Amino acid sequence: MSVLTLLVFLPIALLPVYIWLPRVGWLRALTGLTALAQLGVLAALAPTFWAGGGLVTLHPWIDLHLGDALLKIRYELVMDGISYTLSLLSAGIMLIAVLASDHITHRPRLYWILLQLLNTSLIGCFLAQDMVLFYIFFEVMLLPMFFLIGIWGGARREYAAVKFFLYTLLGSLLLLLVIAGLVFSYPVMQGGVRTLQFSFSTFSNPGYLEAGSFFADGTVRTLAFWAMFLAFAIKLPAIPLHTWLPDAHVEASTPISVILAGVLLKVGGYGLLRFAIGIFPDVYLEQRHWIALLGGLSIVYGGLVALGQTHFKRQIAYSSVAHMGFVLLGLAAGNAVGAHGAVLQLFTHGLIAGMLFLVAGALYHRTGDLAIASYSGLWHQMPRFTLLAAVAMFAGMGLPGLAAFIPELLVLNGAFQAASTGVFAWVYPVLGIGGILLSAAYLLWTFRRMFMGEYRTAGGQAWALPDLNRTEWLTLSLPGIAIVLLGIWPGLILDLSGPAVEAFFRQVHAHAATYLSFSQP
Amino acid sequence: MSVPLASLWRFALEQSLAAIAPELFLTVLLLAVLVIDLFRPQSTRLVAGFVSLGGLLALLIALLIQGPPARSLLAFDGMLQIDKLGWYFRLLLAGGHVLVLLQSFSFLREGRYRAGEFFVLLLGMHTGLSLMAQANHFLLAFLAMEMASVCGYVLTAWVRDDRTAADAGLKYMLYGVFSSGVMLFGLSLVYGLGGTLRFDELTGVLHAVPAEAGLVALSLVFAGFAYKAGLVPFHFWVPDVYQAAPYPVAALLSGMGKVGAFALLLRWFLAAPPAALWDGLWLQVLVILAIVSMLWGNLAAWGQTHYRRLLAYSSIGHSGLMLLAVAVGGTALQAGLGYYLLVYLILTYGVFMAGQLLLPWGESMPHWSKAGTAAQAPVLLLAVLLPALAGLPPTAGFTAKLGLFIPLWEAYTQQQNPWILAGLGMGVLTTLLGLYYYLRPLIYLIFRREAADTSLQPQFPGSLLLAGILLAIAVLYLGLFHYDRLLNWLGA
């Protein structure tokens, strides 16, 4: 059995234990151990990826005869530097979420089962190369999340869960429509048989595009690119498709918010990069300015709305929207620098947003109140908590020395390069800089309001606000240490994902040139 | 040496009779059960059921042993077509009937009515549906449809002192009679225009007929079949009948009824493809009807709080998608439809069974939030089956939809007919719309679960639970493995 299959299916393989183990308390340890095991496997694989290599697992799965053609859905898992990085993030965030789940007393068995299902589907999304397999993992992600938000969430959890499910399903169905159509335009001749494969390597290869087929037409390609873009932009989320995010984040419980912000959003970014850009590089290169527009809008709009928030978690949610705007901007740049920044931003934002939600969670578990105005001068009462909250918030602003600075720098570098060659207007990178300023504004303001000044809370004497206990210390320091480490040594991740990003963009440019040569007489 | 005509005729007759041996067996079984019911006293009323079950299992085993026919054969001078597809539908119907019997034992045990008649009517309906699935001639289709329908009318109103059931039965019958009348009128027009009522000769004779006349005739004929399939605008009986009929009957109508109706439509459109008539105008009409059914069914289900009405409207939505598949046609869609019908049969039985298990808490979904932990078994069942009906991976519902969407795309890229794309797009959109109401029972049962009311700890019948578990496993298995073997076999 291949190591990739082990990585993806280890959580599900343990499900029978989850159903029958009488001691429910052990399930939390088991879930944590699964995540730790996945991290271990990934650590063991690190040398392969530092050297710029990759891993492939390929098995035949479903072979359908359609007339004289053979339609193949294959079990195809591919790990390159980009998927390695994101799998690392997924396993790490899962571990942190397990650590943060010490308040689960309501229906714990179901909770842990759903988390394991989520674990499998998340890593599966990053590794699947066959698009139907990817789609299956993409969808399987939704149902556990729906139940996790809806059962263990806050007051409006049902509304948030249904909105989340329907909104992201809309994107998924668009993706399905495009996938089902693409397969007919990229036939491969294998042994004299016209084979139709759903593999990304087939769809991304212009050599397989059948002249005169449906998806050879420029208009169709443009529409299909934007349909795919829409599907992943809903998940990212990009303005104006972001409205599910604040509700989902606010209503979900702390560990679920961590997973949602930490990993689920990254699936959107990954899908955009790998599939939307990878399959339609010609449309992408031609229409990058729209992506830059959406990125710039997300950065500024997210920042402005976050500035006006009075609910702490909602502010973090909108700041996530703004940070994901940087991903869009970096991808829109179309050069390797911007893409490096985008991928690194995906990784670091997962850590930072996760840590910020843990900060919110620590307060929520003590008082149940997340209004920013309810707290003041927490520094005096909870100094150790303030230290870690400060790390998270300053990282969120992109302070040099902490994780988010380098990716934002790289993104802006790439964006300015692109703007100087006329790909898109100067205003977008300038908006990016404005976005950093905005993030400093609202995060510093919130920090000042909640942590500085004299100690005064809305609950007064009734609220006991002890400092962090041991579990919380551990839970918060893990991302904190990673954030500081990546701030000083971003090469840790850049060296892992770098070669893959470079190779990917070389391929994008080469294939785009090939597609353009098709349409030239 | 010339062979005497009489012996040739007798040979053809013998061959035809041998070809419909399963249906003949069902008729004999029906008569046997009827006789048993007449002569056995009330206390052994379920004997008839066991005889029926035994006969059906024997039929299933015989069908499986005999295997599909090697070549297709026209029986009774073109009335019936006996082929691999027919064998498959016979299997589906027999399997479905066995499931209904398992479901009805627990239902009948509590009742006070002569159970023997129930089994007789079930067998009658099965025979009718079985003949429908192999029809090649409109008159036979009409006869078979009426046989199935009449049994259905009586089965709906089975519980004699339930006014809503009697209401529903009457509505079903009135709609049915009216549609049959319309269909007969259409058939007379078709015969007048073309001179034949055989499916396989239809395209040939209607080709030359002007589009207006032909469309009217075919639409009138289609009305009768659409009524049985539950398509808009002949669907008005569906919500009331599904709501008020006894549980096994509702499951029967939803599952086997649809198998029979769509098998019949498949036969008709395979032999006389809509795309071949009048530049695709007939196809256009059918696709529009399919789109309307999909939209209507899925949108109307949004507001439902009664579980079975929700299932009724959702079945209208599914019918719309199946009509799209059967109208566009082609071997790939034929295979996809056969698979979709299998999956739909499993799923619809499962959800009705789950509903029957949840009966102690009523059928109004808001009340289900009081079910608590006592309802764990049906809740788990629904947690697998409802996402499957919605078409979510990794269940068979997803592969069934994929099995239709992919061939529909292929048909569009080959024929460039914008209506096919419109239908496909609508199928995808209604999948999204459908998710909302498929989640509603889960929301009431899981999200809004109140503290368990320990006074109500019903005993779930073992047969239903076992059947439910098997169905759930089948749904998950078919969603991931080996569905391609079935699809390839159906399409060959």
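Let's start with chain B of this predicted model: of its 492 residues, 62% count as buried. The secondary structure of this chain comes to 19 helices and two strands. Its radius of gyration is 22 Å, close to the 23 Å that the globule rule gives for 492 residues, so chain B is as compact as a globular protein of that length. If you want a box around it, the C-alpha atoms of chain B fill roughly 80 × 60 × 45 Å along the principal axes.

Staying with chain B, have a look at helix H2, which covers residues 21-39 and includes Phe39(B). Phe39(B) counts as exposed because its relative accessible area is 67%, and the cut-off for that label is over 50%. It also has nonpolar company: Leu31(B), Leu34(B), Val35(B), Leu38(B) and Phe39(B) together make a nonpolar surface patch of about 510 Å². The spacing of those numbers invites a helix argument. An α-helix has 3.6 residues a turn, so residues three or four places apart point the same way.

Further along chain B there is a backbone oddity. Gln416(B) has a positive phi of about 55 degrees, although it is not a glycine. This residue is in the loop between helix H16 (396-415) and helix H17 (418-447) of chain B. With a relative accessible area of 46%, Gln416(B) is partly exposed.

Now over to chain A, where the strands make a good story. Strand S1 (residues 55-66) and strand S2 (residues 69-79) run antiparallel and are joined by 11 bridges. To pick out one pairing, Thr57(A) has Leu77(A) in S2(A) as its bridge partner. The hairpin has two residues between the strands, and Gly67(A) in it takes a positive phi near 65 degrees. S2(A) also pairs with strand S4 (residues 193-197) of chain A, this time parallel and through three bridges. There, Leu71(A) stands opposite Leu196(A) of S4(A).

What about cover for S2(A)? 11 of its 11 residues are buried. In a regular strand the side chains alternate between the two faces of the sheet. Here Ala69(A), Leu71(A), Ile73(A), Tyr75(A), Leu77(A) and Met79(A) point one way, while Leu70(A), Lys72(A), Arg74(A), Glu76(A) and Val78(A) point the other way. Both sets are buried, with Lys72(A), Arg74(A) and Glu76(A) among them.

Next come some backbone torsions in the loops of chain A. Most residues other than glycine have a negative phi, and most peptide bonds are trans. Arg107(A) goes against the first habit, with a positive phi near 50 degrees; it lies in the loop between helix H4 (81-100) and helix H5 (108-127). The loop between helix H10 (218-235) and helix H11 (244-251) holds Pro237(A) and also Pro240(A). The peptide bond from Leu236(A) to Pro237(A) is cis, with omega near -10 degrees. Another cis bond joins Ile239(A) and Pro240(A), where omega is about 0 degrees.

Finally, a quick geometry check on helix H19 (residues 405-420) of chain A. At 1.5 Å a residue, its 16 residues should span 22 Å, and the end C-alpha atoms are 22 Å apart, which agrees. The buried residues of H19(A) include Ile406(A), Leu410(A), Val411(A), Gly414(A), Ala415(A) and Ala418(A). Just after the helix, Gly422(A) takes a positive phi of about 85 degrees.

Definitions and conventions
Residues are numbered from 1 along each chain as its sequence is written. Chains are lettered from A and ligands numbered from 1 in the order in which they are written. This is a predicted model: local features need pLDDT of at least 70, side-chain atom pairs count only at pLDDT 80 or more; totals for chains, interfaces and linings use all residues. Side-chain values use heavy atoms; hydrogens and water are left out. Buried means under 20% relative accessible area, exposed over 50%, partly exposed in between (1.4 Å probe, protein chains only). Helices (H or I, at least four residues) and strands (E, at least two) are DSSP runs, numbered from the N terminus. Two strands pair if DSSP finds at least two bridges between them. Patches are made of residues with over 30% relative accessible area and no salt bridge: like charges are joined within 9 Å, nonpolar side chains (Val, Leu, Ile, Met, Phe, Trp, Tyr) within 5 Å. Accessible areas come from the Shrake-Rupley method with a 1.4 Å probe; for residues, only the protein chains shown count as cover. A salt bridge is a side-chain nitrogen of Lys or Arg within 4 Å of a carboxyl oxygen of Asp or Glu. The expected span of a helix is 1.5 Å times one less than its number of residues. The radius of gyration is taken over C-alpha atoms; the globule rule is 2.2 Å times the number of residues to the power 0.38.
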